[in-house]
Amino acid sequence: MSQTDSRVALITGGARGIGLGIARSLASEGWRLALGGRRSAENVAGVMQEFEQDGVEACYCCGDVAAEDDRGRIIEEVRERFGALHLLVNNAGITSPGRRDILEADEESFDRVLGVNLKGPFFLTQACASWMIAQHEDDPDFRGTVINISSISGEVVSVHRGDYCLTKSATRMATRLWAVRMAPHGVAVYEVQPGIIHSDMTAGVTEKYDRLIAEGLTVEPRWGEPEDVGRAVAMLARGDLTYATGQVLTIDGGLLIRRL
Ligand code: NAP
């Protein structure tokens with residue numbers, strides 16, 4: 001039995017892509033899982049079956065992280081199913097719809113990207129943080145963790161995804177705000193910053209990234225995989241990185257290393 005056997009993780013966007021990679025890593029370490037997403041339960045039945053067959057206790061919580069009512073419902077479902085929450089992974093996110101040049105970007109896209117990538121995680125963290133504080137008050141040994149999935153796009157400019165870049169840059173500050181606020185309550189807050197990772201989000205730009213990687217964009221000459229991010233999250237969730245709340249772990253194959 002590992003030390004995480006009875007712990008519960010909520011992973012938004014946990015039924016595909018990077019979120020699923022995170023879920024699989026945590027499942028292999030004995031975590032119980034609540035997976036968020038927007039698709040209907042029928043659409044994720046295959047994924048849930050995979051966990052069931054592996055003996056993983058998991059549930060699917062359908063809802064839009066940008067919507068207050070949906071966030072409340074997701075938390076209630078986790079509470080009803082597991083009665084505890086030790087880890088929140090704010091992973092759900094969208095890229096800029098249409099990937100338009102910032103000279104042509106429209107407010108509708110801007111509001112939606114900010115709603116899903118920034119407002120949703122902020123207020124979901126707020127609600128989960130209150131629950132974690134209550135658990136810590138009940139049990140001084142309780143330890144909680146919040147992990148925000150940002151992106152190298154918080155640092156690297158893409159003029160066709162300005163709204164997306166802004167949200168990922170702001171996630172840095174959100175991580176530090178919550179790290180400061182939650183430290184007295186036994187909750188550590190981290191940011192995991194992926195580079196170019198195979199998922200549905202990047203499926204439409206495969207050729208572009210294949211070429212850039214072949215030309216040396218990354219130091220490690222390959223795409224990242226969801227399990228690369230999953231391993232990083234599992235390491236943080238396990239509590240292996242101590243005395244380091246607020247820190248960023250960059251999983252980008254060395255893309256952000258400046259070179260001459
Ligand atoms: P993805 O394959 O498109 O998956 C996105 C996930 O987010 C899906 O599970 C989706 O749910 C969920 N989601 C989207 N909008 C939502 C909403 N309004 N409410 C609830 N859930 C919502 O993308 P991904 O590549 O795995 O991205 C995951 C995270 O990693 C994102 O925050 C992204 O910005 C970040 N990231 C990705 C890369 C990359 O190269 N792929 C690089 C850096 C950072 P459904 O499955 O129900 O649609």
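Here is a short conversation about charges, contacts and exposure in this predicted model.

Me: What kind of model is this, and how are residues numbered?
Reply: It is a predicted model, where local features need pLDDT of at least 70, side-chain atom pairs count only at pLDDT 80 or more, and totals for chains, interfaces and linings use all residues. Residues are numbered from 1 along each chain as its sequence is written, and side-chain values use heavy atoms, with hydrogens and water left out.

Me: What makes the link between Glu29 and Arg238 a salt bridge?
Reply: The term asks for a side-chain nitrogen of Lys or Arg within 4 Å of a carboxyl oxygen of Asp or Glu. In this pair the closest N and O atoms are 2.7 Å apart, so the rule is met. The pair joins distant parts of the chain, 209 residues apart: Glu29 sits in the loop between α1 (17–27) and β2 (32–37), and Arg238 in helix α8. Together with Asp240, Glu29 and Arg238 form a network of salt bridges.

Me: Why is Glu29 called buried, and Arg238 partly exposed?
Reply: Buried means under 20% relative accessible area, exposed means over 50%, and partly exposed is in between (1.4 Å probe, protein chains only). Glu29 has 18%, so it counts as buried. Arg238 has 26%, so it is partly exposed.

Me: How do you know that Arg231 and Asp228 form a salt bridge, and where do they lie?
Reply: Their closest N and O atoms are 3.8 Å apart, so this pair also fits the rule. Both are in helix α8, three residues apart, which means a separation of about one helical turn. Arg231 is exposed at 54%, whereas Asp228 is buried at 17%.

Me: How many salt bridges are there by this rule?
Reply: The count comes to 13. Among them is the one between Arg73 and Glu77 (3.6 Å, N to O); both residues lie in helix α3 (residues 68–82), four residues apart.

Me: Why is Asp141 called exposed?
Reply: Its relative accessible area is 64%, so Asp141 passes the mark for exposed. Asp141 is placed in the loop between α4 (107–138) and β5 (144–149). Glu137, Asp138, Asp139 and Asp141 gather in a surface patch of negative charge.

Me: Which residues does Gln247 contact, leaving aside its neighbours within four places in sequence?
Reply: Gln247 is in contact (heavy atoms within 4.5 Å) with Arg172, Val189, Tyr190 and Glu191. The C-alpha atoms of Gln247 and Val189 are separated by 7.7 Å, although the two are 58 residues apart along the chain.

Note on methods. Patch = residues over 30% accessible without salt bridge, like charges linked within 9 Å, V, L, I, M, F, W, Y side chains within 5 Å. Areas by Shrake-Rupley, 256 points an atom, 1.4 Å probe, with all protein chains shown as cover. Lys, Arg positive; Asp, Glu negative; His and termini not counted. Charge placed at Lys NZ, Arg CZ, Asp CG, Glu CD. Helix = DSSP H or I, 4+ residues; strand = E, 2+ residues; numbered from the N terminus.
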